[in-house]
Amino acid sequence: MARAATTSDAFNAIAEPLRREILVLLRGGERPVTELARDLGMSQPQASKHLRVLREVGLVRVREAGKQRLYGLDARGLRPVHQWLGGFERFWSGSFDRLDEYVQDLKQEESPDGDDQ
């Protein structure tokens, strides 16, 4: 099966680490492409290409502010990713609960009378 185009969905778009970094930076609020490029150590054209992909899949919105274009996070686009990860979250929560029970059992075996020494 052929891999979907990068711009087809959020999963493919966030597969690129730099795009995930852009989303992290945008959690703090709107920013112009020049700031994003500087903070990521890339050229403005490179940052613009990543922003275009994120915008096309609905993860980033853009608005005009005078001569600047400000990019902001649109977290609604992450809903499919969040829903998919939800099943794994339940898995890991259950695993951590079992691990905690195991650790408690080990502690009780080491010190059945409650005295560690």
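Which residue in strand 3 does Arg31 stand opposite? In this predicted model, the residue facing Arg31 is Tyr71 of strand 3, and this pair is a good place to begin with the strands. Strand 1, which covers residues 31–32, runs antiparallel to strand 3, which covers residues 68–73, and the two are joined by 2 bridges.

Strand 3 also pairs with strand 2, made of residues 60–65, and here 6 bridges join the two strands, which again run antiparallel. Within this pairing, Val60 stands opposite Leu73. Strand 2 and strand 3 form a hairpin with 2 residues between the strands, and in this hairpin Gly66 takes a positive phi near 70°.

Leu73, which has its place in strand 3, leads the reader on to helix 2. Although Leu73 and Leu23 are 50 residues apart in sequence, their C-alpha atoms are 6.5 Å apart in space. Once the neighbours within four places in sequence are left aside, the residues in contact with Leu73 are Leu23, Leu26, Arg27, Leu59 and Arg61.

Two packed helices are described by the angle between their axes and the distance between the axes. For helix 2 (residues 17–26) and helix 4 (residues 44–56), the angle is about 80° and the axes are 10 Å apart. Because angles of 65 to 115 degrees count as roughly perpendicular, helix 2 and helix 4 are described as roughly perpendicular to each other. By class, their contact has 7 nonpolar, 1 polar and 1 charged residues. On the side of helix 2 the residues are Leu18, Arg19, Ile22, Leu23 and Leu26, and these meet His50, Leu51, Val53 and Leu54 in helix 4.

Methods. Residues are numbered from 1 along each chain as its sequence is written. This is a predicted model: local features need pLDDT of at least 70, side-chain atom pairs count only at pLDDT 80 or more; totals for chains, interfaces and linings use all residues. Side-chain values use heavy atoms; hydrogens and water are left out. Two strands pair if DSSP finds at least two bridges between them. Helices (H or I, at least four residues) and strands (E, at least two) are DSSP runs, numbered from the N terminus. Contact means heavy atoms within 4.5 Å. Axes are lines fitted to C-alpha atoms, for helices over the stretch in contact, and angles run from 0 to 180 degrees between N-to-C directions. Angles under 35 degrees count as roughly parallel, over 145 as roughly antiparallel, 65 to 115 as roughly perpendicular and the rest as oblique. Ala, Val, Leu, Ile, Met, Phe, Trp, Tyr, Cys and Pro count as nonpolar, Asp, Glu, Lys and Arg as charged, and the others, Gly among them, as polar.
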